[in-house]
Amino acid sequence: MIDLAIIGGGPGGYVAAERAGAKGLNVVLFEKRELGGVCLNEGCIPTKTLLYSAKVYDYAKHGDKYGVSAPGATFDFGKIVERKNKVVKKLVGGVGSAMKANKVRVVRGEAKVKGRSQNGIEIECAGETFYAVNLLLCTGSEAFVPPIPGVKEAGDIIVTNREILDLKEQPKSLVIIGGGVIGMEFASFFNSLGTEVTVVEMLPKILGGLDGEISAMLQDIYAKKGIKFNLNCKVTEIRGNEVVYVDKDGQTLSAKGDKILMSVGRRAVTAGLGLENLGIEMNRGAVKVDDKMRTNAPNVFAAGDITGFSMLAHTASREGEVVVNNLTGRADRMRYNAIPGVVYTNPEVAGVGLTEEQAKAEGIEYKIAKLPMAYAGRFVAENEGGAGLCKVIVGAKYGEVLGVHMLGNPCSEIIYGACMAIEQEMTLKEMQEVVFPHPTVSEIFKETVFSFNE
């Protein structure tokens, strides 16, 4: 009998499988494509690999600011993509090795839940029938392509995050529909390589869920780099390689691109899984769960994008761990108050906890302090002329850390400290007693904490 069957080998599934296997459970992991899921094969890792190549090229072009000259710096788009593929292949192999090391059986194929029997939860895959005591659903999400008139007729001019990663040639021009995280990361990459980039966004700001001040700063930085932003604009039609949209004043405008990246959101993958055979309760197309990742069906759990809540790889991994912990006797529940979000543009953006806008909307009394990243000597040494900001939000009464938001490299590597502060409910006074290494950019967190008016 299988102790835990997992459908989906992405960050939620393979991490849960590894943890469960390490604790002695009999685990079977079903995956229809490649281990690692969207994150490793079509999202997090390949995009960051591309973005790092773009960052290296940026440094080469602008090295004179640091006293280093590299005249005539060039790049090879094909080699950049080739390196991306090499990195992905290596890491997929690493996930496979981890499964073997923890005695997890990996079954390749599209799994379908058939229902319950006296033998347990019945699952069919690759012509074989499996029976499990517990089932964890981790099938992830897919890019949502809205039914805009002309989308189908545009053919391969329209791409999602999957297709754009496999382009053989760099487009001279690119229109991105959607100014969220995925849209801005691809905008950053192609802008660095010289592609003419236009962003069309329905909201009045890019990166809608992030701190408003920081998203405005990032937009200004990239506008100066040549990206054209069309905000408060609704796309009404696709005419071949032309995106037609209406602005906030009702004026009809358009933008053309060799490729059009559709980046307006993602939706949970649930079709064909057979969830109806277990009577799984859904919420707007996603699987409904509680804080222990339990569905309404006994012994059936869900983690990751299929829940439609916090659609981030690290969230999925933690949710998978919550499931395994509870199955193996360690009481655990999922908390979302300290989930970090990062945008790997150049400069990077990172944030965790409440934004100022969220605190206001929730009626929370708070205090705020912010400092330019230049207050950290290491930032000045490594970011010549670079803009940056650190904003810390604390509760007005107790001074507990509620949110931290940053713009500037390498804030993606710093933000975990703020996550720990929020998770542990640390106060201003407690943060002031933490010793930060000097000189590091992370010191900006402590400097900002000390800048609060007592």
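**Exercise 1. Find the bridges between S9 and S15, then place both strands in their sheet.**

Start with the pair itself: S9 and strand S15 (residues 259–262) run parallel and are joined by 4 bridges. Strands here are DSSP E runs of at least two residues, helices are H or I runs of at least four, and both are numbered from the N terminus. Two strands pair if DSSP finds at least two bridges between them. One bridge to look up is that of Ile 177, whose partner in S15 is Met 262.

Now zoom out. The sheet is open, has 5 strands in parallel pairing, and reads S8-S15-S9-S10-S11. Strand S8 (158–159) and strand S11 (228–230) are the edges; each has a single partner strand, so one side of each lacks a neighbour in the sheet.

A note on the ground rules: this is a predicted model, where local features need pLDDT of at least 70 and side-chain atom pairs count only at pLDDT 80 or more, while totals for chains, interfaces and linings use all residues. Residues are numbered from 1 along each chain as its sequence is written, and side-chain values use heavy atoms, leaving out hydrogens and water.

**Exercise 2. Work out which elements supply the largest nonpolar core.**

First, the term: a nonpolar core is a set of buried Ala, Val, Leu, Ile, Met, Phe, Trp, Tyr and Cys residues joined through side-chain atoms within 4.5 Å. Buried means under 20% relative accessible area, exposed means over 50%, and partly exposed is in between (1.4 Å probe, protein chains only).

Next, the core: the largest one holds 35 residues, and Ile 164, Ile 176, Phe 189, Phe 190 and Phe 229 have the most contacts inside it. Elements that each give at least two residues include helix H3 (44–61), helix H4 (77–101), strand S9 (173–177) and helix H6 (181–192). H6 makes the largest contribution, with 5 residues.

Then pick Ile 164 and list its contacts (heavy atoms within 4.5 Å). Skipping residues up to four places away in sequence, Ile 164 touches Val 159, Leu 174, Phe 186, Phe 190 and Leu 261. Apart from this core lies another, of 31 residues, including Val 342, Leu 371, Ala 418 and Phe 445.

**Exercise 3. Decide which residues of H13 are buried and what covers them.**

In helix H13 (residues 443–450), the buried residues are Glu 443, Ile 444, Phe 445, Thr 448 and Val 449. Among the elements covering them are strand S22 (366–372), strand S23 (389–395), strand S24 (401–407), helix H11 (415–423) and helix H12 (428–432).

**Exercise 4. Count the disulfides and describe what you find.**

A disulfide is a pair of cysteine sulfur atoms within 2.5 Å. Searching the whole structure turns up 1. The partners are Cys 39 and Cys 44, with S to S at 2.4 Å. Their link is left-handed, at -130 degrees about the S-S bond. Cys 39 is buried at 16% relative accessibility, whereas Cys 44 is partly exposed at 28%.

Why is Cys 390 not bonded to Cys 411? The sulfur of Cys 411 is the closest cysteine sulfur to that of Cys 390, but the distance is 9.3 Å, too far for a bond. Cys 390 is also buried, with a relative accessible area of 0%.

**Exercise 5. Trace the hairpin made by S4 and S5.**

Strand S4 (residues 112–117) and strand S5 (residues 120–125) run antiparallel, joined by 5 bridges. The hairpin connects S4 to S5 through 2 residues. Ser 117 has Gly 120 in S5 as its bridge partner.
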